Amino acid sequence: MRSIMKSSVAFVSFLFTTSTIASDQQPFQFEAMAAPSHTLPALPYAYDALEPHISAQIMELHHSKHHQTYVTNLNAAMKTQAEAVHTSDIPTQVSLQAAIKFNAGGHINHSLFWQNLAPASSPEAKPSSAPSLVSQIKSTWGDEAAFREAFKAALLGIQGSGWGWLVKVETGAEQRLAIVTTKDQDPVVGKGEVPIFGVDMWEHAYYLQYLNGKAAYVENIWNVINWKTAEERFLGTRADVFKLLKTSI
Amino acid sequence: MNSTMLRTSAARSALRAAAPKSSTRAGLAGTTFVRGKATLPDLSYDYGALEPAISGKIMELHHKNHHNTYVTSYNNFSTQLEEAKAKSDIAAQIALQPLINFHGGGHINHTLFWENLAPTNQGGGDPPTGKLAQAINESYGSLDSFKEKFNTALAGIQGSGWAWLVQDTQTGNVQIRTYANQDPVVGQFRPILGVDAWEHAYYLQYQNRKAEYFKAIWDVINWKAAEKRLK
Ligand SMILES: [Fe+2]
Ligand SMILES: [Fe+2]
Ligand SMILES: [Fe+2]
């Protein structure tokens, strides 16, 4: 029982709490749990800044409606969770796990996604902004084109809603790059996994512009990948990525 | 999973719906290919006939593009499966199972979906009668309370998927079940009535306001078709 409570507290605190970190060593504080309310981060560019590759209408709905809904539902679930923890209502705590994972995942994924996109005309959108990352991409996949092909195939292979990510996987002193797909809003938060950039493959991410032509969306997204952010995440740690996330929350 | 799926009544009716074209195409598939190819079934109403509940543009893309892609991909992977079987390549057969499930499921689900929709001037929205009405009343109290529970189930789908009214083949009872992605209603349950909750089913018209789509679709539900599926 305690293990369930502790792990959910630790999960949320690690990602979102800026003031109080509840660890296994510290006593649980209800106030710290109840207080944080997550908010929609502002986009680092205008809604129309990614045109013509992603339309302003898509960006506005995606950010102000879809992402906002994940934030709203996450806050609601966390509030209920805090009450259930406070009253030691374990069945309710357990029953909330799926909603927390889904909505927290939606919030994490979209927050990282907005940051790993940039207007096509900006220097950030050039792979030359990521020399170390591109070098490892080349040594892993042979060349950039082969990597893009592999990433595209992974994205188009998703059955249903989900995400494709380039991930740095750290195993001890070793690290490697991997293309990872996740279903629905499952976030990349595994131990040693550092998400470098992600592409939203839910239909809401492209449908108003590309309809059923998702291959064209996947082609065009390369024009607006923020390689500068990608390089920073690649050179940094998992904690750095989520620290970036925290500043926007 | 493939063979199980094809034995279900849902799969048979999906294949029946495609019957007129399958005989002419079967010859192209080669001598080792026993079954006819799946084909895109025609709709029994115009693309615009479900307006205003579902726009003509959505219906056209959904049928001609999305459903057709499932048909084409299912046939493609089905052919690969036949080849893997012919070579006794078990690993390849297993690797193809999720693709058969997804694309075959997509074909079955959409075929059933088109059938359980109808324009209002062809009975769309007219409440169920007979055994099905009775089963719904017994399980849910009233049609309105059933619709409310069904819409809650639809809204609760995390990602892409379907909600179905199904009949338990063991008990005969009806219940609401949700299925992820294109997982078809097979095995213990018989599909009675399905609603597509993928974003492509409503996004051009309703965008993020999916609750409005779930509310509106009851105006074009073909309960007569649903009644015929109940055993
Ligand atoms: Fe326990
Ligand atoms: Fe999204
Ligand atoms: Fe669909």
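Donors are N, O and S atoms within 2.8 Å of the metal (3.2 Å for Na, K and Ca), and sites may look incomplete because water is not among the atoms. By this definition, the iron ion (ligand 2) has the protein donors A:H62 (NE2), A:H110 (NE2), A:D200 (OD) and A:H204 (NE2). This is a predicted model, in which local features need pLDDT of at least 70, side-chain atom pairs count only at pLDDT 80 or more, and totals for chains, interfaces and linings use all residues. Residues are numbered from 1 along each chain as its sequence is written, chains are lettered from A and ligands numbered from 1 in the order in which they are written, and side-chain values use heavy atoms, leaving out hydrogens and water.

**Iron site, chain A**

- The donors lie 1.9 to 2.1 Å from the iron ion (ligand 2), and their sequence spacing is H-x47-H-x89-D-x3-H.
- A:H110 in helix α5 (residues 97-115) of chain A and A:D200 in strand β3 (residues 193-200) of chain A are 90 residues apart, a pair that links distant parts of the chain.
- Helices (H or I, at least four residues) and strands (E, at least two) are DSSP runs, numbered from the N terminus.
- The four donor atoms subtend angles of 88 to 138°, which makes the arrangement irregular.
- Four donors count as tetrahedral if all angles lie between 85 and 135 degrees; four count as square planar and six as octahedral if opposite donors are over 155 degrees apart and all others between 65 and 115; anything else is irregular.
- Both A:H110 and A:D200 are buried, meaning under 20% relative accessible area (exposed is over 50%, partly exposed in between; 1.4 Å probe, protein chains only).

**Hairpin, chain A**

- Strands β1 (residues 162-171) and β2 (residues 174-183) of chain A run antiparallel and are joined by ten bridges; two strands pair if DSSP finds at least two bridges between them.
- A:E170 stands opposite A:Q175 in β2(A).
- Two residues separate β1(A) and β2(A) in this hairpin, and A:G172 in the turn has a positive phi of about 65°.

**Sheet, chain B**

- Three strands of chain B form an open antiparallel sheet in the order β2-β1-β3.
- β2 (174-180) and β3 (189-196) of chain B stand at the edges with a single partner strand each, so one side of each is left without a neighbour in the sheet.
- Seven bridges pair β1 (residues 161-168) of chain B with β2(B) in the antiparallel sense, and B:L165 stands opposite B:I176 in β2(B).
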